[in-house]
Amino acid sequence: MDIKLLSKEQETLRFVLSDVSPAFANALRRIMISEIPVMAIDDVMILENNSVMYDEILAHRLGLIPVTTDTSYNLPEECTCKSELGCEKCRASFSLEIEASEPVEVVYSSQLKPENPEVKPVSDRIPIVKLTAGQKIKLEAYARLGRGNVHAKWQSVSAATYNYDEKARTFTFLVESTGTMPPEKIVLEAARIINAKSVSFGEGLGGMTES
């Protein structure tokens, strides 16, 4: 296997992968899309909302705001708390409380206040809802680790594609992060997951006995 870096920007990585099979390259791509654990808002507790947006729609919009990932958290299903609500080891909290004082006021992602500064909205300029004078929103939101094969809000990439040069047997990858993780970390984590799956498969074969 050989990897050659072509370019690296803040959220985008391009590299050439060679001396691997198409099956391996496609497995790497699919894992980047669906199996990298990243943070996303999963539960929202609405304490007050007299805006024109229903509670359910407001919670859905919050869930689709990309947030940065702190890998020190446990996946909910692996956390020792075994709590449906989660604990400090498997969830990160946000709060939002705002009352419009202008005729029209747009609430942005920058107004979500994170409990952990390592888990925050990727962008400060994502609009959440418009309020008119006197309207108020007060809520708490909780982010957890999850995988894209459960819900798209946990996808680590907005693009993971490659071009295959059959003659040269090379794969030119484009990986574009949603901002939850640096793109190079996504690729490395995908490679780690492939390796773990291979080891697990090998152990499973080793445990098989002839009938």
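Phe171 comes out as buried in this predicted model, with a relative accessibility of just 1%. Its ring partner is Tyr162, and the two form an edge-to-face aromatic pair, with 5.4 Å from centre to centre and 85° between the planes. Tyr162 itself is partly exposed, at a relative accessible area of 23%. That value is above the 20% under which a residue counts as buried, so Tyr162 falls in the partly exposed class.

Tyr162 and Phe171 also belong to a wider group of rings. Ring pairs join Phe15, Tyr162, Tyr164, Phe171 and Phe173 into a cluster. The count of aromatic pairs in the model comes to four. One of them brings together Phe15 and Phe173, whose ring centres are 4.9 Å apart. The planes of Phe15 and Phe173 meet at 0°, and planes under 30 degrees apart count as stacked, so this pair is a stacked one. As for where the two sit, Phe15 is part of strand 2 (residues 12–18), while Phe173 is part of strand 10 (residues 170–177). The pair therefore ties together parts of the chain that lie 158 residues apart in sequence. Both Phe15 and Phe173 are buried.

Rings in this model also have charged side chains over them. Arg125 lies over the face of Tyr108, 4.0 Å from the ring centre. Over at Trp154, the charged end of Lys153 sits above the ring, at 4.9 Å from its centre.

Conventions:
Residues are numbered from 1 along each chain as its sequence is written. This is a predicted model: local features need pLDDT of at least 70, side-chain atom pairs count only at pLDDT 80 or more; totals for chains, interfaces and linings use all residues. Side-chain values use heavy atoms; hydrogens and water are left out. Rings of Phe, Tyr and Trp (its six-membered ring) pair if their centres lie within 6.5 Å; planes under 30 degrees apart count as stacked, over 60 as edge-to-face and the rest as tilted. Helices (H or I, at least four residues) and strands (E, at least two) are DSSP runs, numbered from the N terminus. Buried means under 20% relative accessible area, exposed over 50%, partly exposed in between (1.4 Å probe, protein chains only). A charge sits over a ring if NZ of Lys or CZ of Arg is within 6 Å of the ring centre and within 35 degrees of the ring normal.
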